[in-house]
Amino acid sequence: MRALDGRVILVTGAAKRIGRGIALRLSREGARVIIHYNGSEAEARATAEECGGARTIRANLESVAEIERLFEEAGPIDGLVNNAARFTTIDPLKVTEADWDFIHSINLKATFFCCQQAARRMIAADGGRIVNLSSLGGIRPWSHNAHYCASKAGVIMMTRALAKAFAPKVTVNSVAPGVIPFGEPDARTKHLIEKTPAGRAGTADEIAGAVLYFLTATNFVTGQILAIDGGLSQK
Ligand SMILES: NC(=O)c1ccc[n+]([C@@H]2O[C@H](COP(=O)([O-])OP(=O)(O)OC[C@H]3O[C@@H](n4cnc5c(N)ncnc54)[C@H](OP(=O)(O)O)[C@@H]3O)[C@@H](O)[C@H]2O)c1
């Protein structure tokens, strides 16, 4: 018997990078994962194959109507992993309204409405588990990512508030990744890796391990934020 045998888990932004790593890990643990994607259709299909023929659903999470359609198509789910997000680096003196909305429409607004869609269904059924991906940037201030840091700090407080709102049937927790690079890291990422007490960057599977913990924990674990960052948030 594996930890997630028989459970249906929707992972947003699961075509590649951390989302793919989460989907693969949950699938290995027995879950029937649903791979959500937006632009990365080929990668989503490849990830779905790697997960033993998982379902894929496309939706642009900028739109609440699209989010509603995503959850209708997904059907009953036991777990939701809100992984889809955007990241930009811009001097706060130069951030425009469009720059702000680009980040917040996905990182905060879409995460909220995905939580709402999932919780309505889970509360009406047997309950469920929600895991939101926040970030070290929601805990520590990064001067040229103020708009992004604000969105991820919002995810952290939203997680805590929704944990109260959706208890006792649905738990809501958050994993806050540190530096998880894909490909050759840029100068700023290299600097962050050098400062990381663990002495290295993290991997998608290390993030997936924390997600798995929250998906399999009892309802006594809710409203928690787990930084998986090699100790960088302690500096
Ligand atoms: N990588 C890191 O070092 C790091 C550090 C801290 C926190 N995190 C957090 O961990 C999570 C995963 O990180 P990542 O670096 O793997 O993420 P990512 O590659 O930047 O984004 C994940 C996915 O989000 C989806 N997405 C973006 N805009 C969308 C939209 N309008 N509609 C639907 N989906 C959309 C994309 O799907 P498509 O490609 O299909 O369009 C993308 O593949 C994120 O929440 C991120 O903020 C990552």
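Start by selecting the shell around the ligand: its residues divide into 13 nonpolar, eight polar and four charged. Here Ala, Val, Leu, Ile, Met, Phe, Trp, Tyr, Cys and Pro count as nonpolar, Asp, Glu, Lys and Arg as charged, and the others, Gly among them, as polar. This is a predicted model, where local features need pLDDT of at least 70, side-chain atom pairs count only at pLDDT 80 or more, and totals for chains, interfaces and linings use all residues. Numbering starts from 1 along each chain as its sequence is written.

Stay with the ligand for a moment. In total, 25 residues surround it, each with a C-beta atom, placed from the backbone, within 6 Å of it. Click on Gly 13, Arg 17, Asn 38, Gly 39 and Ala 85 to see the closest ones.

Which helix gives the most to this shell? That's α1 (residues 17–28), with three residues. Helices (H or I, at least four residues) and strands (E, at least two) are DSSP runs, numbered from the N terminus.

Next, add helix α7 (residues 204–216), which packs against α1 at an angle of about 55°, with the axes 8 Å apart. That makes α1 oblique to α7: angles under 35 degrees count as roughly parallel, over 145 as roughly antiparallel, 65 to 115 as roughly perpendicular and the rest as oblique. Axes are lines fitted to C-alpha atoms, for helices over the stretch in contact, and angles run from 0 to 180 degrees between N-to-C directions.

Now show the residues that meet there. On the α1 side they include Arg 17, Ile 18 and Leu 26, and on the α7 side Ala 204, Ile 207 and Leu 212 are among them. Contact means C-beta atoms, placed from the backbone, within 7 Å. The residues of this α1–α7 contact divide into eight nonpolar, one polar and four charged.

On to the sheet. Seven strands form an open sheet with parallel pairing, in the order β3-β2-β1-β4-β5-β6-β7. Two strands pair if DSSP finds at least two bridges between them. Look to β3 (55–58) and β7 (225–228) for the edges, as each pairs on one side only. From one strand to the next, the twist averages 20°.

Zoom in on β5 (residues 128–133) and β6 (residues 170–177), a parallel pair with six bridges. Pick Ile 130, and you'll find its bridge partner, Val 172, in β6. Lying across β5, β6 and β7 is helix α5 (residues 146–166), running at about 165° to β6.

Last stop: select α3 (residues 64–74) and α4 (residues 97–124), packed at about 35° with their axes 10 Å apart. Among the residues that meet are Ile 67 and Phe 71 in α3, and Phe 113 and Cys 114 in α4.

Terms used:
Contact = placed C-beta atoms within 7 Å.
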